Amino acid sequence: ALYPQLPITVVRPDEVGTDLVANALAAWWRYRQTCVVVDFGTALTFTTVSAEGKMLGVAIAPGLKTAVRALFA
(Lines give C-alpha, C1' and ligand atoms only; values in the text may rest on other atoms or scores of the structure.)
Protein backbone atom coordinates (compact mmCIF):
# COMPACT_ATOMS: atom_id res chain seq x y z
CA ALA A 1 0.00 0.00 0.00
CA LEU A 2 1.21 3.49 -0.78
CA TYR A 3 -0.28 5.04 2.35
CA PRO A 4 -0.16 2.33 5.05
CA GLN A 5 0.26 4.77 7.95
CA LEU A 6 -2.73 7.00 7.15
CA PRO A 7 -5.98 6.59 9.09
CA ILE A 8 -7.98 6.90 5.84
CA THR A 9 -8.36 4.44 2.96
CA VAL A 10 -7.33 5.61 -0.50
CA VAL A 11 -9.23 3.42 -2.96
CA ARG A 12 -6.94 3.93 -5.98
CA PRO A 13 -3.71 5.37 -4.59
CA ASP A 14 -1.86 5.02 -7.90
CA GLU A 15 -4.44 7.28 -9.59
CA VAL A 16 -4.85 9.99 -6.93
CA GLY A 17 -2.37 12.79 -6.30
CA THR A 18 -0.88 13.35 -2.88
CA ASP A 19 -2.50 16.80 -2.72
CA LEU A 20 -5.96 15.22 -2.92
CA VAL A 21 -5.04 12.63 -0.30
CA ALA A 22 -3.81 15.40 2.01
CA ASN A 23 -7.07 17.33 1.50
CA ALA A 24 -9.15 14.23 2.22
CA LEU A 25 -7.15 13.41 5.34
CA ALA A 26 -7.48 16.94 6.69
CA ALA A 27 -11.24 17.04 6.10
CA TRP A 28 -11.81 13.61 7.63
CA TRP A 29 -9.59 14.43 10.63
CA ARG A 30 -11.49 17.65 11.28
CA TYR A 31 -15.10 16.57 10.71
CA ARG A 32 -15.18 12.76 11.06
CA GLN A 33 -18.29 12.58 8.88
CA THR A 34 -19.03 12.19 5.19
CA CYS A 35 -17.91 15.31 3.35
CA VAL A 36 -16.89 16.75 0.01
CA VAL A 37 -13.62 18.67 -0.19
CA VAL A 38 -13.55 21.41 -2.83
CA ASP A 39 -10.13 22.67 -3.94
CA PHE A 40 -9.88 25.74 -6.16
CA GLY A 41 -6.41 25.35 -7.65
CA THR A 42 -5.10 25.04 -11.19
CA ALA A 43 -7.91 22.54 -11.54
CA LEU A 44 -11.14 22.50 -9.57
CA THR A 45 -11.35 19.23 -7.61
CA PHE A 46 -14.11 17.63 -5.57
CA THR A 47 -13.05 14.78 -3.28
CA THR A 48 -15.61 12.73 -1.36
CA VAL A 49 -14.66 11.12 1.96
CA SER A 50 -16.91 8.81 3.98
CA ALA A 51 -17.45 9.06 7.72
CA GLU A 52 -15.43 5.85 8.04
CA GLY A 53 -12.41 7.53 6.44
CA LYS A 54 -12.58 6.12 2.93
CA MET A 55 -11.89 8.26 -0.13
CA LEU A 56 -14.91 7.50 -2.30
CA GLY A 57 -13.97 9.41 -5.43
CA VAL A 58 -12.59 12.52 -7.06
CA ALA A 59 -14.04 14.75 -9.77
CA ILE A 60 -11.78 17.16 -11.63
CA ALA A 61 -12.90 20.19 -13.67
CA PRO A 62 -10.94 23.00 -15.35
CA GLY A 63 -9.76 25.73 -12.99
CA LEU A 64 -11.42 29.13 -12.97
CA LYS A 65 -8.82 30.80 -15.22
CA THR A 66 -9.03 28.00 -17.77
CA ALA A 67 -12.84 28.08 -17.74
CA VAL A 68 -12.95 31.87 -18.21
CA ARG A 69 -10.43 31.73 -21.06
CA ALA A 70 -12.47 29.01 -22.76
CA LEU A 71 -15.62 31.15 -22.53
CA PHE A 72 -13.96 34.07 -24.28
CA ALA A 73 -12.12 32.00 -26.92
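In this predicted model, the largest pocket is lined by Val10, Val11, Arg12, Glu15, Val16, Leu20, Met55, Leu56, Gly57, Val58 and Ile60, and its volume is about 150 Å³. The largest share of this lining, 5 residues, is contributed by strand β4, which spans residues 54-62. Sorted by class, the residues around the largest pocket comprise 8 that are nonpolar, 1 that is polar and 2 that are charged.

Nonpolar side chains also appear at the surface, where Val36, Val38, Phe40, Phe46 and Leu64 make a patch of about 480 Å². To this nonpolar patch β2 gives the most, with 3 residues. Among the residues of the patch, Phe40 is located in strand β2, and its relative accessibility is 58%. Phe40 therefore counts as exposed, since the term applies to residues with over 50% relative accessible area.

A further local feature concerns the backbone at Arg32, a residue found in the loop that lies between α1 (18-31) and β2 (35-40). Most residues other than glycine have a negative phi. The phi of Arg32, by contrast, is near 50°, a positive value in a residue that is not glycine. With a relative accessible area of 43%, Arg32 is classed as partly exposed, because this value falls between the limits of 20% for buried and 50% for exposed residues.

Conventions:
Residues are numbered from 1 along each chain as its sequence is written. This is a predicted model: local features need pLDDT of at least 70, side-chain atom pairs count only at pLDDT 80 or more; totals for chains, interfaces and linings use all residues. Side-chain values use heavy atoms; hydrogens and water are left out. Helices (H or I, at least four residues) and strands (E, at least two) are DSSP runs, numbered from the N terminus. Buried means under 20% relative accessible area, exposed over 50%, partly exposed in between (1.4 Å probe, protein chains only). On a 1 Å grid over the protein atoms alone, a cavity is a set of points where a 1.4 Å probe fits but cannot get out, and a pocket is an open set with protein on both sides within 12 Å along at least five of seven lines; lining residues have an atom within 4 Å of a point. Grid points are joined across faces, edges and corners, and a volume is the space filled by probe spheres set on the points. Ala, Val, Leu, Ile, Met, Phe, Trp, Tyr, Cys and Pro count as nonpolar, Asp, Glu, Lys and Arg as charged, and the others, Gly among them, as polar. Patches are made of residues with over 30% relative accessible area and no salt bridge: like charges are joined within 9 Å, nonpolar side chains (Val, Leu, Ile, Met, Phe, Trp, Tyr) within 5 Å. Accessible areas come from the Shrake-Rupley method with a 1.4 Å probe; for residues, only the protein chains shown count as cover. A salt bridge is a side-chain nitrogen of Lys or Arg within 4 Å of a carboxyl oxygen of Asp or Glu.
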